[in-house]
Amino acid sequence: MYSFFETKINQTTTGIILILLCLFSKKIIAQTDSSSTLKRPVSIYLRNIIIEGNNRTKDFIILRHLTIAPGDSLSLSDIPGLFEENKSNLVNLQLFIDVQFNLKNWEGKQTDIYITVKERWYSLPMISFDIYDRNFNSWWVTHNADLRRVQYGGRFLQQNVRGRDEDLYVILLNGFAQRIEAGYNMPYINIGMSLGLRARIYANRNRTLQYYNLENKEQFYWDDNKYLRTSYGGSLDFTIRPGIRFRQVLSVSYNYASINDSIYRLNPFYFDSAKTQQYIGLRYTVINDNRDWAAYPLKGSYTEATINKTGVGKLLSTTDLTALYLIYARYIPLSAKWFSSVMLRSKISFPIYQPYYNQRGLGYKSDYVSGYEYYIIDAQSYALVRANLRYKLYRLRIPVMNPFMKTNNYMPVYFYPKLMLESGYALDQTSRTDNLLSNTLLRSIGLGVDIATGYDFVFRVEYSLNHRLEKGLYLHFSGLF
């Protein structure tokens with residue numbers, strides 16, 4: 001049934017694309033040089049690529065992400081698809097809020113491509129009030145919106161340093177937990193622009209700590225006079241990106257953490273019968289990203305496979321764990337307004353018995369089933385599937401003034417009502433009797449609205465019903481650093 005349904009979707013989509021292709025091709029010819037009455041050729045010779053609006057971004061950064069180059073011979077019927085593909089490539093750099101392609105300066109079979117970009121704000125200093133808990137819903141309901149569980153401080157993000165798509169960020173937080181973190185990303189460190197490097201350091205101290213999960217609920221211990229856990233570390237990521245959509249990332253990290261006597265007495269297996277843990281970590285990730293807009297995709301696919309090694313040999317490592325992760329997503333436009341998607345997220349890890357500090361099942365970050373936001377489901381392995389149907393309802397253009405560049409701009413905001421179906425399974429092989437939702441098929445249905453902005457921030461309002469017939473309204477945020 002699925003193959004038949006997918007075939008029908010592809011046939012419908014192909015028909016729509018062919019119609020739009022013919023119309024759009026005529027539109028390009030009509031708009032590129034209205035003063036000329038000469039009949040346009042079937043193929044053209046690309047003479048120049050001219051970039052406008054990039055006040056900071058270097059031309060070679062933009063040219064690096066194009067699939068066309070001066071000297072190419074292009075079929076006129078292929079141009080709409082090429083423009084759409086290359087616009088997606090530039091939008092996913094997360095440097096521009098708008099990108100436009102146009103053909104100009106026709107001379108026989110020769111023409112130029114003009115790329116007009118509108119740059120974002122690249123300096124983003126923010127006063128920050130962070131919720132310590134796993135998500136907003138857990139803080140609001142489980143902990144009664146306790147303001148003591150808020151971290152306050154500042155965040156600073158400088159994007160596009162030197163105009164080379166490099167990023168610098170600094171995080172300084174105090175309050176419920178103390179956090180210091182800084183990082184710098186250089187996506188291109190060689191002449192061929194195929195190698196990149198990212199560095200990160202961090203340090204954290206906690207006066208309150210989640211030391212165990214009982215009946216899928218976090219158990220916390222609080223001490224106003226002592227730090228219960230101290231941790232610090234750093235990492236280096238080496239990126240290999242020979243093309244535009246495919247990349248490999250090799251990460252090397254060092255991590256150290258210690259707990260005080262109170263936590264050790266409450267859970268001696270927090271660090272596997274020890275008060276400290278340190279390890280060298282290795283991670284290798286392969287990514288094939290074919291999404292039209294990475295922050296909120298409507299068309300394309302995404303595949304990510306990772307092998308993560310926590311502890312390498314016995315040098316500076318007191319633990320030894322291995323985990324395999326897989327993410328696959330497919331995004332299908334059904335019409336100009338309707339869109340569907342399906343996503344799989346999974347993890348397999350071993351050995352079976354792992355320190356509490358390192359074991360992560362469902363309920364953390366993006367690994368959750370809607371309708372179970374108040375629960376943590378400990379497991380060594382898990383899988384979850386999400387499917388939804390979305391409708392493009394409305395788009396706003398909010399005027400924005402950039403005080404750093406003294407220019408006016410706008411931020412697009414999109415509204416997508418949706419229907420959701422989700423399911424997940426967390427495999428816990430430790431035979432725990434107090435982890436009730438593990439080894440159980442989780443499932444939910446829900447309605448919601450996604451609000452996506454041009455700065456890659458997405459706000460989700462969702463109403464879900466799970467298999468326990470528990471229902472609720474849940475809020476989710478993504479996209480901020």
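## A walk through the strands

Select isoleucine 348 to begin: with 48% relative accessibility, isoleucine 348 counts as partly exposed. Keep in mind as you click around that this is a predicted model. Isoleucine 348 sits in strand S17, and that strand will come up again on this tour.

**Stop 1: the nonpolar patch.** Now widen the selection around isoleucine 348. Which residues form a nonpolar patch on the surface? Pick Leu236, Phe238, Leu250, Val252, Leu282, Tyr284, Ile307, Val312, Leu324, Ile348 and Phe350, and you have the patch, with about 870 Å² of accessible area together. Colour by element next: strand S12 (229-240), strand S13 (246-259), strand S14 (276-289) and S17 each give two or more residues to the patch.

**Stop 2: zoom out.** Show the whole protein chain as a cartoon. You'll be looking at five helices and 23 strands. Of the 481 residues in the chain, 46% are buried. Switch on a surface and the accessible area comes to about 24500 Å², with 60% of that belonging to carbon and sulfur atoms. How far apart in sequence are the residues that touch? Take the contacts between residues at least 6 apart in sequence: 59% of them join residues at least 24 apart.

**Stop 3: back to S17 for a salt bridge.** Select arginine 345 and aspartate 367, whose side chains meet in a salt bridge at 2.8 Å, N to O. Arginine 345 belongs to strand S17 (residues 338-350), while aspartate 367 is in the loop between S17 and strand S18 (381-391), so the pair ties together parts that are 22 residues apart in sequence. Buried or exposed? Arginine 345 counts as buried because its relative accessibility is 16%, and aspartate 367 is buried too, at 15%.

**Stop 4: two strands from early in the chain.** Jump to aspartate 112 and arginine 47. Their side chains form a salt bridge of 3.0 Å, N to O. Here aspartate 112 lies in strand S4 (residues 110-119) and arginine 47 in strand S1 (residues 43-52), so this pair links parts that are 65 residues apart in sequence. Check the surface view for each partner: aspartate 112 is buried at 5% relative accessibility, whereas arginine 47, at 21%, counts as partly exposed.

**Stop 5: a salt-bridge network.** Next, select arginine 460 and aspartate 450, which meet in a salt bridge at 3.9 Å, N to O. Arginine 460 is in strand S22 (residues 458-466) and aspartate 450 in strand S21 (residues 442-453), so the pair ties together parts that are 10 residues apart in sequence. Add Lys418 and Glu462 to your selection: salt bridges with shared partners join Lys418, Asp450, Arg460 and Glu462 into one network. Aspartate 450 is buried, with a relative accessible area of 2%, while arginine 460 is partly exposed at 21%. If you'd like to hunt for others, the count of salt bridges comes to 19.

**Last stop: a helix.** Finish at glutamate 85, which you'll find in helix H3 (residues 79-91). What does glutamate 85 contact, leaving aside its neighbours within four places in sequence? Show Thr67 and Arg245, and you have the contacts. Draw a C-alpha to C-alpha distance from glutamate 85 to threonine 67 and it should read 8.3 Å, for residues 18 apart in sequence. With 35% relative accessibility, glutamate 85 counts as partly exposed.

Conventions. Residues are numbered from 1 along each chain as its sequence is written. This is a predicted model: local features need pLDDT of at least 70, side-chain atom pairs count only at pLDDT 80 or more; totals for chains, interfaces and linings use all residues. Side-chain values use heavy atoms; hydrogens and water are left out. Helices (H or I, at least four residues) and strands (E, at least two) are DSSP runs, numbered from the N terminus. Buried means under 20% relative accessible area, exposed over 50%, partly exposed in between (1.4 Å probe, protein chains only). Contact means heavy atoms within 4.5 Å. Accessible areas come from the Shrake-Rupley method with a 1.4 Å probe; for residues, only the protein chains shown count as cover. A salt bridge is a side-chain nitrogen of Lys or Arg within 4 Å of a carboxyl oxygen of Asp or Glu. Patches are made of residues with over 30% relative accessible area and no salt bridge: like charges are joined within 9 Å, nonpolar side chains (Val, Leu, Ile, Met, Phe, Trp, Tyr) within 5 Å.
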